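Colleague: Could you take one part of this model and go through it closely, residue by residue where that helps? I would like a connected account rather than a list.

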Amino acid sequence: KIPGDAHVAPEKVTRYLLAPRRRGDKSKFLAGGGYRLENAAVLEHDIRALATREDANPLMTDIYGEKYEVRGVLPGPIRPRRVRTIWMREHSTKRWKFITLYPDRGHSE
């Protein structure tokens, strides 16, 4: 499990996940569950809750740290979204931080 005090940068949520982008857009997928800029704190809370509830599976280690994947369901204000979240435990600080999330296309929504 990822610790509850893991860092989730607010700008990662507002300026990356919920902002429309030409490449790698996740905002439409998240909007389908009811996540929008107006309720960005809800998405941040739900990401953190998922990470503390589900098992973290190791993915890889690089020069920056150890990366883990946590899969599960964000409840969503409107409807659930099945996701894969990526986390890293930094070598230098030993702190956990949220990297990104992806729709979990391997499962039905």
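**The hairpin and the helix packed against it**

Modeller: Arg 84 stands opposite Tyr 102, a residue of strand E4, and this register is a convenient place to start, with the reminder that the model is predicted. The pairing of E3 with E4 is antiparallel and runs over seven bridges. Together E3 and E4 make a hairpin with five residues between them, and in that turn Lys 94 has a positive phi of about 65°.

The side chains of these strands bring in the aromatic residues, of which the structure holds two pairs. In one of them, the ring centres of Tyr 68 and Trp 96 are 5.1 Å apart and the planes stand at 50°, so this pair is tilted. Because Tyr 68 belongs to strand E2 and Trp 96 to strand E4, the contact ties together parts that are 28 residues apart in sequence. Tyr 68 and Trp 96 are both buried. The other pair joins Trp 87 and Phe 98, whose ring centres are 5.3 Å apart with planes at 65°, so it counts as edge-to-face. Here Trp 87 lies in E3 and Phe 98 in E4, so the pair ties together parts that are eleven residues apart in sequence. Trp 87 is buried with a relative accessible area of 0%, and Phe 98 is likewise buried, with a value of 4%.

The strands also meet a helix, H3. Its 14 residues, 40-53, should span 20 Å at 1.5 Å a residue, and the C-alpha atoms at its ends are indeed 20 Å apart, which agrees. Within H3, the buried residues are Ala 40, Leu 43, Asp 46, Ile 47, Leu 50 and Ala 51. These residues cover an arc of only 135° around the axis, which places them on the same side of H3. The spacing can be read in the light of a general rule: an α-helix has 3.6 residues a turn, so residues three or four places apart point the same way. On the other side of H3, by contrast, Ala 41 and His 45 are exposed. The buried residues of H3 pack against strands E2 (65-74), E3 (81-90) and E4 (96-103), and also against helices H1 (10-17) and H2 (27-31).

Two charged side chains complete the view. Arg 81 lies over the face of Phe 29, at 4.9 Å from the ring centre, while Lys 12 lies over the face of Tyr 16, at 5.5 Å from the centre of that ring.

Methods. Residues are numbered from 1 along each chain as its sequence is written. This is a predicted model: local features need pLDDT of at least 70, side-chain atom pairs count only at pLDDT 80 or more; totals for chains, interfaces and linings use all residues. Side-chain values use heavy atoms; hydrogens and water are left out. Helices (H or I, at least four residues) and strands (E, at least two) are DSSP runs, numbered from the N terminus. The expected span of a helix is 1.5 Å times one less than its number of residues. Buried means under 20% relative accessible area, exposed over 50%, partly exposed in between (1.4 Å probe, protein chains only). The arc is that of the directions from the helix axis to the C-beta atoms. Contact means heavy atoms within 4.5 Å. Rings of Phe, Tyr and Trp (its six-membered ring) pair if their centres lie within 6.5 Å; planes under 30 degrees apart count as stacked, over 60 as edge-to-face and the rest as tilted. A charge sits over a ring if NZ of Lys or CZ of Arg is within 6 Å of the ring centre and within 35 degrees of the ring normal. Two strands pair if DSSP finds at least two bridges between them.
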